[in-house]
Amino acid sequence: MPSSELWAVDLFGKVFTLSTAGQQWELCRDAQLEFKRVSAAAPCCWGIACDNQVYVRVGASDVPIRCREEAYENQRWNPVGGFCEALLPSDRWPWSDVSGLQHRPLDGVALPSLHWEWESDWYVDENFGGEPTEKGGWTYAIDFPATYTRDKKWNSCVRRRRWTRYRRYKSRDTWAKIPSEDDPQQLPDPFSDLSVGGWEITDEPVGRLSVWAVSLQGKVWYREDVSHSNPEGSSWSLVDTPGEAVQISCGPHDLLWVSLWEGQALVREGINRNNPKGVGVVWAITKDRKVWFRRGVNSHNPCGTSWIEMVGEMMMVNVGLNDQVWGIGWADRALYFRHGVTQSELSGKTWKAIVAGRECDGSRAGSLSSLLSAGCFFGDEVRGGGESRVPSDSEAERPGPDPERDVEVAGPASAPAELPWTNIDLKEPKKGPSHAAADFPEATNLSSLALLPLGLEEPESTDCHALWAWVSGGGCAVEAHTTLKWFTAHSGLPASMQMLSLPITPAQTAAWRKQIFQQLTERTQRELENFRHYEQAVEQSVWVKTGALQWWCDWKPHKWVDVRVALEQFMGHDGVRDSILFIYYMVHEEKKYIHVFLNEVTALVPVLKEAKHSFAVYTPERTRQRWPVRLAAATEQDMSDWLALLNLCCCESRRVHGRPSPQAIWSVTCKGDIFVSEPSPDLEAPERWPPCDQMFWRQMGGHLRVVEANSRGVVWGIGYDHTAWVYTGGYGGGCFQGLASNTSNIYTQSDVKCVSIYENQRWNPVTGYTSRGLPTDRYMWSDATGLQERTKASTKPPSLQWAWVSDWFVDFSIPGGTDQEGWQYASDFPALYHGHKTMKDFVRRRCWTRKCKLVTSGPWLEVAPIALGDVSIIPEIPGAHGSGPGIALWAVSDKGDVLCRLGVSELNPAGSSWLHVGTDQPFASVSIGGCYQVWAVARDGSAFYRGSVSPSKPAGDCWYLIPSPPKQRLKQVSVGHTAVFALDENGNLWYRQGVTPSYPQGTSWEHVSNNVRRVSVGPLDQVWVIANKVQGSHSLSRGTVCRRTGVQPLEPKGQGWDYGIGGGWDHLSVRASATRAPRSSSQATAGKRRGEQGLPSGPSKVAGAPQETPNPVCC
């Protein structure tokens, strides 16, 4: 988990940050700015300075914030002069936007504020739908508007071309003032409070933030168009409220609460009416400084049900990510963290003081306070002064307001600025006299704003004690398993006592070690003295482990049956331990068994599916049959124990231990499990290559989606949540924790993925779209294919290791686009879906998504903070000329930015920093070859080549557009030493011909094979793929590791395929396998062996192949 920051403001207006990985406050140094309060989110922090103006601070990053400006030049054909800018009166502007409705000359496009700068001058974009246009970038059509083509035809009467220019946000890591409007009548009043949230609203684009503010006159304002690409937003919009507001708090979802001057609380409803989702937690501070937690708050009931009083007196509270709560004590002005806040216990357990050190820089006094924070907030013990005790439920809980008396809706719901407010009164029974100060007579209302006196007394302490005025945890991610260093001093003692501690010398340490060792030796001799007359125990050469498991029958009907298993290990004649696994089952009351020699096992794969804790045992014969031995345990712990023990026995029989070699082959299954195989020296030999089904794959700890390796031991991976990970050199973790693992390099690893289901409807002439379909239609709640029924209630996480971390929400980012409610339309099931309704659309569907999370361990460290979508490491041959200390690594971020990693080496595999490589559009895949040739694929399917990349110039100079194969959209590219292979969206594998050192772009694409899911080209130009479907003698497997045979310098495309482990594999990397095999004169006969076969495109092309079984093996 990457480190994040907690933001706070002291009484003197200085802003500090505290990292979750550190224990020292860092001062945000800037040009003499003093702040009243701040509100943080993950990418930025907003604040109100003492001049009552709003500022935003965007953290520095290796990836710049870029925004593309576009303008279109339009021309019409004239019989006299040809194409010219003389248009018809009814035509669009000569210079316009893409719609042609707005006049947009090049010199009229200005920067939105002083915080932006132009990155380049205007240039013509010659890329049209992934294909290069003619020189000049013109596209042609019959008339405005129409469908444009890149080819000029006889009836092309109009043409246009796109001019592009990028602007870059330059005010990074500094406070940037939000520009005001030009019209003085529309200027907002000076602000007194603001709140940032809304980043979890699913119908907003990724990176969109909701910024709300309150002015000194009690008006509520909303900042429009705040996003990752526009961090300062565009303008302020006034939102009507039924009263004068004093404080506002916005949660990460659709929860917004406002406190009025009269002490009442208002809830904003309907912010996300298309997607009623979100976690709702509300904490509040009343005028008597008491802390309250609102029970039952969610998107369906934003008002909640009742108030619960928490122990402690706070000046303000704030809720951050993962519902974690921070507060500032009333008596000591210290910063507190709510300990024990989880999804099952949102109120937490106790307050813990943060004692992290900071610089002591007292200046002038400041003031500030707050009382309400909504979105994920509060907890429960710690009194600021006087006697305190934990209240019982009867003492703490107050009855909720009467809906008929205390809750009313103010106004109808329409536009976002007209959404209704719901009034909430803090109604509670009368109590006896309290110890509230005379300044706070009304303890039954929410406090609105409390100003601190300017003349504060100095604390009676010789240490520098920080006095805090504000805290914001919106950008601080703290999880239940996170270990923080905030709550103890560096030595566990106060600063005044640290000076009294005496240093321990090395001589004293050595003496203590010697004394302890002598005492242990004497105790061992005393314990063994009573057993000296016993005979020496006889060493056993055989041991057996038995247990009860379930086995998936080899014969029909296939079902799970109870079996007894026995693992027998013995010592061979050569001194090597070998093992046999016996499986005893009953057939017609007769006991039978099958056995598996573990020295023949090629893989042990967890099959985490449905409600079974099962795993598959592969041998060469069963790999060819596509039918492994499947066993299931009663509990996850039993399965982990058996997997760890069987893996240990397999590794002992093959004498494979510890971390994999630098030239190992890495792979990932569709479930995220990581496997590695040690290549034999003759793996790529043209004559005596071993079959792929005999390769031994052992599991590594961790969970990834993509893995990429280099022959110098550098291995990177990417999780399902786009988090980048680097290999630490250890072995173990996960189910191998504590058994045959190197725990020194094992770290906690987490991953998040999305599970999607589809809601399907058919149009009815009477009722419109309804959930009643035809008898031949798909299920009304199904998966993406429509063949399997999937409802919200029946859909479970991918396995028992995953846990839900969100509610169901509508996914608006699916391909094809959606309407405002998330629906996609088509003429029938199945068909090509689009995001707008037409007269011919009789069916529609909507995608619902839910997030789940897995927490495991493995030899991986996170590379923060940029999320990646693809990564490529240069394939090198050990000892080859030109391999220097640095290792070239390229990547594509989840937003499509191309990056180059600097400082990567064997000693520092994580590198030091990212170097951004500019592009005109978002990219999807990148690959760097052994000679520093960089190829990439954009999201529109077009291919690019990066010129002039070298160790001295790691980012190159420019991109060259490469035409894609005819009528195909590429999705992945892989470059070896000289060979370039690409994969399109239809599973076709292409080879780039004509690639030479003088012309590295090549000349044309040549088709190699179909039925390919993933391709990896190694440093010897060897080609390995993940095949989509491979037919075995027992079943059809999806996701099989295959190697291209017959690859030679004169035959770079190869001749056939050799099938290996599968199915269920999803990713493969052979870019570290650089073991050369000796070549002989009979290389031409290599392709005539059993590898001379093509990848079948599907079951229909395999003659006499049996039908696919109902339960294909899928790990």
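**Figure 1. Proline 132 sits in strand β13, which covers residues 131-132.** This close-up, like the others here, comes from a predicted model. Proline 132 is partly exposed, with a relative accessible area of 23%. Leaving out residues up to four places away in sequence, proline 132 touches Glu126, Arg150, Leu961 and Pro963. Take a moment to find leucine 961 in this view: it lies 829 residues from proline 132 in sequence, yet the two C-alpha atoms are 6.9 Å apart in space.

**Figure 2. Histidine 1067 is a buried residue in strand β72.** The strand runs over residues 1065-1069. Histidine 1067 has a relative accessible area of 2%, and because buried means under 20%, it counts as buried. Two polar partners are worth picking out here. A polar atom of the histidine 1067 side chain lies 2.8 Å from the backbone oxygen of valine 707. The side chain of arginine 1014 makes a polar contact with the side chain of histidine 1067, at 3.3 Å. Neighbours within four places in sequence aside, histidine 1067 is in contact with Ser667, Val668, Arg705, Val706, Val707, Glu708, Arg1014 and Ile1026.

**Figure 3. Aromatic rings meet in pairs and in a cluster.** The whole structure holds 39 aromatic pairs. One of them is formed by tryptophan 666 and tryptophan 860, in an edge-to-face arrangement with 6.0 Å between the centres and 70° between the planes. This pair links distant parts of the chain, 194 residues apart: tryptophan 666 belongs to strand β42 (residues 665-669) and tryptophan 860 to strand β55 (residues 860-863). Both tryptophans, 666 and 860, are buried. Elsewhere, you can look for an aromatic cluster made up of Trp7, Phe35, Tyr55 and Trp175.

**Figure 4. Arginine 167 and lysine 591 each lie over the face of an aromatic ring.** For arginine 167, the ring belongs to tryptophan 116, and the distance to the ring centre is 4.4 Å. For lysine 591, the ring is that of tyrosine 584, with 4.9 Å to the ring centre.

**Figure 5. The protein that frames these close-ups has 6 helices and 72 strands.** Of its 1115 residues, 52% are buried. The protein exposes about 51300 Å², and carbon and sulfur atoms supply 52% of that area. Among contacts between residues at least 6 apart in sequence, 61% join residues at least 24 apart.

Definitions and conventions. Residues are numbered from 1 along each chain as its sequence is written. This is a predicted model: local features need pLDDT of at least 70, side-chain atom pairs count only at pLDDT 80 or more; totals for chains, interfaces and linings use all residues. Side-chain values use heavy atoms; hydrogens and water are left out. Helices (H or I, at least four residues) and strands (E, at least two) are DSSP runs, numbered from the N terminus. Buried means under 20% relative accessible area, exposed over 50%, partly exposed in between (1.4 Å probe, protein chains only). A polar contact is a pair of N or O atoms within 3.5 Å; within protein, one must be able to donate a hydrogen and the other to accept it, and residues adjacent in sequence count only if both atoms are side-chain atoms. Contact means heavy atoms within 4.5 Å. Accessible areas come from the Shrake-Rupley method with a 1.4 Å probe; for residues, only the protein chains shown count as cover. Rings of Phe, Tyr and Trp (its six-membered ring) pair if their centres lie within 6.5 Å; planes under 30 degrees apart count as stacked, over 60 as edge-to-face and the rest as tilted. A charge sits over a ring if NZ of Lys or CZ of Arg is within 6 Å of the ring centre and within 35 degrees of the ring normal.
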